Amino acid sequence: MKKIVILISGRGSNMQAIVETALAQQWPVQIAAVISNRADAAGLAYAAGKGIPTAVVVSKQFADRESFDAALQSKIDEFAPDLVVLAGFMRILTAGFVKHYAGRMLNIHPSLLPSFVGLGTHQQALDAGVKLHGVTVHFVTAELDHGPIVAQVAVPVLEDDTEDTLSQRVLVQEHLIYPQAVLQFVEGRLSIKDGRVHVSK
Ligand code: GRF
């Protein structure tokens, strides 16, 4: 049974989509823990309600990135995960941390990477006037919002879209694509070669 640790910072709707899909489809996985860097992350209550162990490692209490990442890493590793899932985890990670989880850490980013890295992706898309926007699931590498792409879904940008309406349209797809990508990992169907992800049947 594969073990998954999910990291969140807030709402946790992607975490919830993964947990619900795993339960509904009876995945052979254990959601070993949901860990947040903020004590007030709303998603923690949902996880606890599902009987999933939760933990908080408060980023603000650490002097620098290295010491926070070291504390986070040791907390994560208490649960010996096969996969670490970043689900709205709003932290820039150190190279050492990323290396430790190389090939077993996924992130979801609300844009069609490599377009629109960082924050405010929906406004970035509106400002650029693109007609298609979307979401990417990728393996995490040291460079922010880069790394081998597992899956992408595009949505149209409509004439009267606001940041809110566009982000809602993308979020619906996030909740479908992320569970799917996590399941592909769990089933051992993802491999990385020359920076590209191959999904086997
Ligand atoms: C999502 O849009 C995700 O793609 C981005 O941050 C948001 C988190 O939402 N990285 P939630 O906490 O999963 O509801």
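His109 stands opposite Thr136 in strand β6 of this predicted model. The two strands concerned, β5 (residues 105-109) and β6 (residues 132-139), pair in the antiparallel sense over 4 bridges. Here two strands are said to pair if DSSP finds at least two bridges between them. Strands (E, at least two residues) and helices (H or I, at least four residues) are DSSP runs, numbered from the N terminus. Residues are numbered from 1 along each chain as its sequence is written, and side-chain values use heavy atoms, with hydrogens and water left out. Because the model is predicted, local features need pLDDT of at least 70 and side-chain atom pairs count only at pLDDT 80 or more, whereas totals for chains, interfaces and linings use all residues.

Strands β5 and β6 belong to an open sheet of 7 strands, in the order β3-β2-β1-β4-β5-β6-β7, with mixed pairing. The edges of the sheet are formed by β3 (54-56) and β7 (149-156), each of which pairs on one side only. Neighbouring strands are turned by 20° against each other on average, direction ignored. Helix α6 (residues 163-186) packs on this sheet, where it touches β1 (2-8), β2 (29-36), β4 (83-86), β5, β6 and β7. The direction of helix α6 makes about 155° with that of β7. For such angles, axes are lines fitted to C-alpha atoms, for helices over the stretch in contact, and the values run from 0 to 180 degrees between N-to-C directions. Contact means heavy atoms within 4.5 Å.

Within the sheet, β1 and β2 run parallel and are joined by 7 bridges. One bridge links Lys2 to its partner Val29 in β2. Strand β1 is mostly covered, as 5 of its 7 residues are buried. A residue is called buried under 20% relative accessible area, exposed over 50%, and partly exposed in between (1.4 Å probe, protein chains only). Leu7 lies in strand β1 and counts as buried because its relative accessibility is 0%. Not counting residues up to four places away in sequence, Leu7 touches Ile35, Leu72, Ile76, Val84, Val85, Leu86, Ala87 and Phe89. Of these contacts, the one with Val85 joins two positions 78 residues apart in sequence; the C-alpha atoms of Leu7 and Val85 are 6.1 Å apart in space.

His109 is also touched by a residue of a helix, Thr121, whose place is in helix α5 (residues 121-128). With 3% relative accessibility, Thr121 counts as buried. Besides His109, Thr121 touches Pro110, Ser111, Phe116 and His133, again leaving out residues up to four places away in sequence.

The protein is divided into domain 1 (1-101) and domain 2 (108-201), with bounds that come from an automatic or database domain assignment. The C-alpha centres of the two domains lie 19 Å apart. In their interface, 20 residues of domain 1 are in contact with 15 residues of domain 2. The size of an interface is often given as the accessible area lost when the parts come together. Between domain 1 and domain 2 the buried area is about 1500 Å², of which carbon and sulfur atoms give 75%. This quantity is the accessible area (1.4 Å probe) that two parts lose on being put together, summed over both. Asn14, Trp27 and Val98 supply 29% of the area that domain 1 buries against domain 2, more than any other three residues.

Side chains of opposite charge can pair when their charged atoms come close. A salt bridge is taken as a side-chain nitrogen of Lys or Arg within 4 Å of a carboxyl oxygen of Asp or Glu. By this rule 0 salt bridges cross the interface of domain 1 and domain 2, while a search of the whole structure finds 4. Among them is the pair of Lys75 and Glu78, with an N to O distance of 3.3 Å. Lys75 is partly exposed, since its relative accessibility is 24%, whereas Glu78 is exposed at 55%. A further salt bridge joins Arg169 and Asp161 at 2.7 Å, N to O. In this pair, Arg169 counts as partly exposed at 22% relative accessibility, but Asp161 counts as buried at 12%. The side chains of Glu187 and Arg189 also meet in a salt bridge, at 3.0 Å from N to O. Glu187 is partly exposed, with 45% relative accessibility, and Arg189 is likewise partly exposed, with 23%.
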